[in-house]
Structure formats: C-alpha cells, structure tokens
Amino acid sequence: MSKPLKQIHLAAHFPGVNNTTVWSDPRAGSHIEFSSFVHFAQTAERAKFDFLFLAEGLRLREQGGKIYDLDVVGRPDTFTVLAALAAVTEHLGLTGTINSTFNEPYEVARQFASLDHLSGGRSAWNVVTSWDAFTGENFRRGGFLPQDERYSRAKEFLTTAHELFDSWHGDEIIADQATGVFLKDAKAGSFVHSGRHFDIHGQFNVPRSPQGRPVIFQAGDSDEGREFAASSADAIFSRYATLEAGQAFYQDVKNRLAKYGRRPDQLLILPAASFILGDTDAEAEELAKQVRRQQVSGATAIKHLEFVWNRDLSSYDPEGPLPDIDPDVSDNHISKGRAQVRMYRDPLATAREWRELAAANNWSIRDLVIETGNRQNFIGSPATVAKTINDYVQADASDGFILVPHITPSGLDVFADKVVPLLQEQGVFRTEYEGPTLRHHLGLAHPDEASDERAAS
C-alpha cells in the first residue's frame, strides 16, 4: 500500500541582501520602496503560498573598510514592512527574522502579538542569534556571545516570550457596555520571569492574539540549532541541496522530536531554493549559466575568495588562477559579519580542496565561486521543476521550499503562473486557502490545542 501524497508547502523569500539578487538587471526594482514589497507579496498570495519571509541584518556588511556592494540596497525594519503588508494581503503568512541577541523579550513579544492581531493571525517569527562583535558594535551592550551562550539566551528569550503571549488566555475581555466592566480579571497579562538572562515582571499589554503565539521558525544547522528547533520551533530552514543530504537532515531533525513529546508532523523542514525556468530544460540550463555570471561578477568572486583566504586579494585577476599563497588563519577576519566565515572552519583544507577542483576543471577564480556557491537550484521547464520539487517532498528530503527569485520584485511571477498550476493539477498543492491563519496553512495546531493534546497523551 503506497503512502498518501504529502502536500507541498511553498513560501517566498524577499531576497534583500545576498548574491542571489541580480540588482543590476534592467528588470530589477527597488528593495526598499513599498511598491516592491506589495508586488512580491500579492504575487505569493495569488499563487496560494503559505507565507512571505523577510530576512534581517542589523548592520551592513563591510569588507576592506567599504560597504560590500551587495548591501547597498539597505535593510528596512522588518515589523514596519510586515505590518504594512498585512493591510494589502488577506491570507499570506508574514514571517520576520528578529534577533534574540540584541533585543528584549517584552518588546519583541509585543510587536509579534500586535502583528498577529493586525493580520488576523498570520505572524511568524524566525528566531536568530547574532554571532559577531561586528554587529554588536551597533548596540549599547556591544560585543557578542559565544555560541553556547547565544543559544542559552535564545532559548530563554523564546521561553520568556511564550510566557508573555500566554499571560492572556483569551477570555478576559468582557467589554460590557451596560455595566462598564471591561475585564473579568484585572490581573490579566501578569507575568514574572526570573532567569539567567532575563529578570522581568509586570503585565503584558497585548491581549491574546488569533494564533495565541506566532509560528516559530529556526535556521541553525549546528547540533545546538537542530536541538533548539526540535524542542521549540514549528519549522526549520535547511541549506542542503542534494536529495541525499536533504533526506539525512530531514531524518536527523525529525528523530529529535520524540524526546520533547512531539510528532514528526509538528516540525516542518523548509530549504531555501532558487529557480530558473525556460520553455525547455536546455533553454533553462543556458539561462541559468547567464544568471550565475550576473550573480557573481569578478569583484564579487574576489570578495567571496577573501572569505576563505582572509587576505586582500584585490590584485588577483578573477578570470585567472587561484592564489598560490595559503589563507591567513586568524581571528581578526577581513570579512566581518559574513555568515560564510563560519562555514569554512578549516580554511587551509578548503583552499586545498578548491585548488584541486580548479585544476581538475580548468576553473578560474570566478568559475570556482560560481560552481561552489550554489544553494538548492531548480532549473528546467515548468514541468521539470514541478516534478523535481514534488519528488523531493515525497522522498522526505523536505516538506516544501522557500523560493528565492533572482529578480525583485517580479521574479516570482513566472513561478506563480507556470509551476504552481502544475503542482495543483498533481493534487499536491492547494487551490484555495483552507483557513484564515498561518497555522492553518502549515497544518499546525493552535498552541492551546497542542497543550491539551500533550496533557492527554
């Protein structure tokens, strides 16, 4: 007996700052004007996507003392954008990345509860930490926390926020105009939290929101990050691009849930993925080559190589061979604030591997960065891309994908028009929204229902 088809979850990532975005393309628009966000969000909603996702950076990245060219688009405030989008959409989930290292639980809980009310139950929070002193320089406390401390603070931050959300049960407001009684309990919203990182007490001033709490996302790939997601998150992002690696990540994270009294379907695995569509697979492959060279200019290739070499390589020809000097292994890194710094934990080994790849394939510096820098890509005709996405989901390599178009804001249009209808025809993606909240879209229980279920088990 074959297992039933899984339903695919799809979301859209407004690219912001990264080298997926081709801001120099004539079709590209603003990354900060509201009209761009509106077009992007309304396209995602027209296609019946689960949610829109905004990343966040608390400082523009610099390299060699200059703002990195991919960051010049700026980074508008997440809550401001999402609250505005709540007014021009009806069903689309609104997911924001908010940092737990340089914020406070009361403030963040208040903002998400407000967004959940304004949107009718569509808010979600991607809980992240900040790992570098470079970002910390923008904040009063400065500095940074080591990895174990970051996750310790993040866990307590989320626990405290949940206590604030749950300080209202949802039945306190009577608002009886005849008697003048507004609250049946004057202590509604009362909270006390005393812990290692936070010691606060008072009354939370936003009543219970439609979802009870925002949907919680987590992006960490370390063992601590996976464990944090298994204990506390509703969805976790994955960075694995092959079917086999995706299946291994999927199995590992899902297997961690039982120890927290959770079922596998209570945590979704959602990798980010870019896509290139053509009328034929061959046309798409050719277009993908052109897009990758747009995404990785010669200057960008040199900057990426500096992530590993930790040296000024501006004198090298990006169309020439890799440097014959070794990386400078130092804590004082030239590429401050770049997540890639953490990916290359052994720069000398990475340099050796890259030299071998370049020699075997006759790659230049730019070729190497293009070939080794890919995330999950779907390339082909609409039929090919629809089949590949479905194959990954049915094979338990993911529960869906967060799509990152290379053109903003119109890059999602072609996927919505040509791929989504094929997934709908296969019966693996919705044709209409089935409920008002993001929890409905994702198949997640309301926190109150989940608590009742755990208590009964």
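Trainee: Why is Asp396 called partly exposed, not buried or exposed?

Mentor: This is a predicted model, and in it Asp396 has a relative accessible area of 26%. Buried means under 20% and exposed means over 50%, with partly exposed in between. At 26%, Asp396 falls in that middle class, so partly exposed is the right label.

Trainee: Where does Asp396 sit, and what is phi there?

Mentor: Asp396 is in the loop between helix H13 (382–394) and strand E15. Its phi is near 60 degrees, a positive value in a residue other than glycine.

Trainee: And what makes Asn362 exposed?

Mentor: Asn362 has a relative accessible area of 70%. The cut-off for exposed is over 50%, so Asn362 counts as exposed. Asn362 also has a positive phi, near 55 degrees, and isn't a glycine. Look for Asn362 in the loop between helix H11 (347–361) and helix H12 (365–372).

Trainee: How do you know that E7 and E8 pair?

Mentor: Count the bridges. Two strands pair if there are at least two bridges between them. Strand E7 (residues 173–176) and strand E8 (residues 181–183) have two bridges, in the antiparallel sense, so they meet the rule. For one of the residues, Asp176, the bridge partner is Val181 in E8.

Trainee: What lies between E7 and E8?

Mentor: Four residues, and the two strands form a hairpin. Gly180 in the turn has a positive phi of about 80 degrees.

Trainee: Which residues touch the most other members of the largest nonpolar core?

Mentor: Leu10, Phe49, Trp125 and Phe415 do, in a core of 75 residues. Helix H5 (residues 147–165) gives the most to this core, with seven residues. Apart from that core lies another, of 15 residues, including Val296 and Leu313.

Trainee: What does Trp125 contact, leaving aside neighbours within four places in sequence?

Mentor: The partners of Trp125 include Gly96, Phe112, Phe157, Leu158, Ala161, Pro214 and Phe217. Each of them counts because it has heavy atoms within 4.5 Å of Trp125.

Trainee: What is omega at the cis peptide bond that joins Thr408 and Pro409?

Mentor: Omega there is about 5 degrees. Pro409 is in the loop between strand E15 (400–403) and helix H14 (413–418).

Trainee: How much of the whole protein is buried?

Mentor: Of the 457 residues, 52% count as buried, which means that 52% have under 20% relative accessible area. The protein exposes about 20600 Å², with carbon and sulfur atoms supplying 51% of it.

Notes
Residues numbered from 1 in each chain as written. Predicted model: local features only at pLDDT ≥ 70, side-chain atom pairs only at ≥ 80, totals over all residues. Heavy atoms only, no water. Buried < 20%, exposed > 50% of the residue type's maximum accessible area, 1.4 Å probe, protein only. Areas by Shrake-Rupley, 256 points an atom, 1.4 Å probe, with all protein chains shown as cover. Core = buried A, V, L, I, M, F, W, Y, C linked by side-chain atoms within 4.5 Å.
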